[in-house]
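Hi,

Here is the structure I promised to pass on. Have a look at it first, and my notes follow underneath.

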Amino acid sequence: MERSYLIKPILDAVYPTIDYGKGVYLYDKNQKDYIDGSSGAVTASIGHGVPEIIKAINDQANKVSFVYRSQFTSEPAERLAKKLSELTPGDLHWSFFVNSGSEATETAMKIAIQYWQEQGIFTKNKIISRFISYHGITLGALSMSGHVGRRERFIPLLEEFPSVSAPYCYRCPFKLTYPSCDLLCASELEKTIQRMGKQTIAAFIAEPIIGAAGGAIVPPEGYYQEIKEICERNDILFIADEVMTGIGRTGKMLAIEHWNVQPDIVALGKGMSAGYTPMAATIVSDRVMEPILQGSKVIMSGHTYSANPQSAAVSLAVLDYIEKLQLIDRGHMMGNYLLHKLATLANEFSFIGDVRGKGLLIGIEFVYDKEKKIPIKLATVVIQKAMEHGLLVYPSSAGEEGITGDAILISPPLVITKEEVDELVTRLKRALVEVEASLHP
Ligand code: PLP
């Protein structure tokens, strides 16, 4: 084989070479087919090779692909911002376009700090996040992330932001049970704010449903209502990191809408352009924009490719497609169907501890045995076996050793049909049977 100079995630691993994709299927150069059971990195949410999106790419490229945002605005960028202001709840009206989820959360962090500065408050510089979390790979985003593996090499460069426990009922950090726990995980936020001094905290950031770091951890009822009240009581902004959960992934436009709670800032990415071009956004509420509009009138962030018309046109076409095919409702329905099938499948395997999620963001957590819930390192083996059987699933075992278990995410494109869900589960079962045989040879 010819020598490769491409820096891949694992340098000495052999990756199949992709040829093309159609719908929920990907085909490699050897004509092996894979069900894209994870939408790549929970990104390709409308499936592959959609003709409407390919047309939008070409149409925009025939006009203009790139202009610099300090020199021009463009119709696609303006229309996309307007569309997002209509699609997101409450006064989330303003869009700052970037290229990746990490940039979106880091911009959210900067805007939150700037919001206080514009009002003459220069001490509110810290962001509280949760231990089990992933907000991105750049140093600011990583400072807010609880992803031990991705942090450890760079700890000296990271901000020492405070963290609080995640609402992880399967392994309650307080060893309690909902609802008698009185949502201690939420009230820990208030204790932490008091410990640090609310004059030092700009915002609290959370993924409404924890994705890569925890395997679709869904909080109990009442959690976000309490979080929001704590933030308001203590003059702290609430940032919802919807990079993974946004744009219909969980059965609502934003996952936080499941709890009717209004964030001050939202980070979007992944599904925004469904993988067709890099695109992400920080969506800012009127409330947060107001002092900036009255004050410096400049958001101190931005990237060369921010708001480029090519990606904006693609993202608009993706949102139109989602609307036209009613993919959010469809994803919600298919998610229920898939969740039910996976929960049934779990009964057949001793090493499946929990199946959870909302919409088409579903996590499966592995254990040594169901009762003791002792974590087992199994995600890598399951992913490998699933791939051999033509199914792609996503790793989500990133939390601190002993705090989170090993899990995978199943998050196929929202366009998946019932028959394709059945085939996905069949392929997963074949993989799990082989994993079981390897555990009990
Ligand atoms: N935030 C969340 C919740 C994510 O899941 C991710 C990526 O997985 C990011 C931020 C970072 O996004 P990106 O990889 O596009 O930088």
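Let's start with helix H12 (residues 379–388), which lies across E12, E13 and E14 and runs at about 35° to E14. Before going further, the ground rules: this is a predicted model, where local features need pLDDT of at least 70, side-chain atom pairs count only at pLDDT 80 or more, and totals for chains, interfaces and linings use all residues. Residues are numbered from 1 along each chain as its sequence is written. Helices (H or I, at least four residues) and strands (E, at least two) are DSSP runs, numbered from the N terminus. Axes are lines fitted to C-alpha atoms, for helices over the stretch in contact, and angles run from 0 to 180 degrees between N-to-C directions.

**The sheet under H12**

The sheet is an open one of 4 strands, in the order E11-E12-E14-E13, with antiparallel pairing; strands pair if DSSP finds at least two bridges between them. Strand E11 (352–358) and strand E13 (394–395) are at the edges with a single partner strand each, so one side of each has no neighbour in the sheet. Helix H11 (residues 327–346) also packs on this sheet, where it touches E11, E12 and strand E14 (406–410), and its direction makes about 175° with that of E11. E11 and strand E12 (residues 361–366) run antiparallel and are joined by 6 bridges, with Lys 358 opposite Leu 361 in E12.

**Two packed helices**

Helix H2 (residues 51–63) packs against helix H10 (residues 309–324) at an angle of about 150°, their axes being 9 Å apart. That makes the two roughly antiparallel (the label for angles over 145 degrees; under 35 is roughly parallel, 65 to 115 roughly perpendicular and the rest oblique). On the H2 side, the residues that meet H10 include Ile 53, Ala 56 and Ile 57, and among those they meet in H10 are Ala 313, Val 314 and Tyr 321; contact here is C-beta atoms, placed from the backbone, lying within 7 Å.

**Around E8**

Is strand E8 (237–241) mostly covered or mostly open? Mostly covered: 5 of its 5 residues are buried, that is, with 20 or more other C-beta atoms within 10 Å of their own (12 or fewer would be exposed, in between partly exposed, and C-beta atoms are placed from the backbone). Leu 237, Ile 239 and Asp 241 are on one side, with Phe 238 and Ala 240 on the other. Strand E7 (residues 201–206) pairs with E8 in the parallel sense over 4 bridges, and Leu 237 is the bridge partner of Ala 203.

Val 243 lies in the loop between E8 and strand E9 (265–268). It is buried, with 31 other C-beta atoms within 10 Å. Leaving aside neighbours within four places in sequence, its contacts include Gly 101, Ala 104, Ala 267 and Ala 280.

**Backbone oddities**

- Tyr 178 and Pro 179 are joined by a cis peptide bond, with omega about 5°; Pro 179 is in the loop between strand E6 (163–164) and helix H7 (184–196).
- Ser 39, in helix H1 (residues 39–42), has a positive phi near 50° without being a glycine, and is buried, with 30 other C-beta atoms within 10 Å.
- Ala 216 is not a glycine either, yet has a positive phi of about 60°; its place is in the loop between E7 and helix H8 (223–233).

Cheers

Terms used. Two residues are in contact if their C-beta atoms, placed from the backbone, lie within 7 Å.
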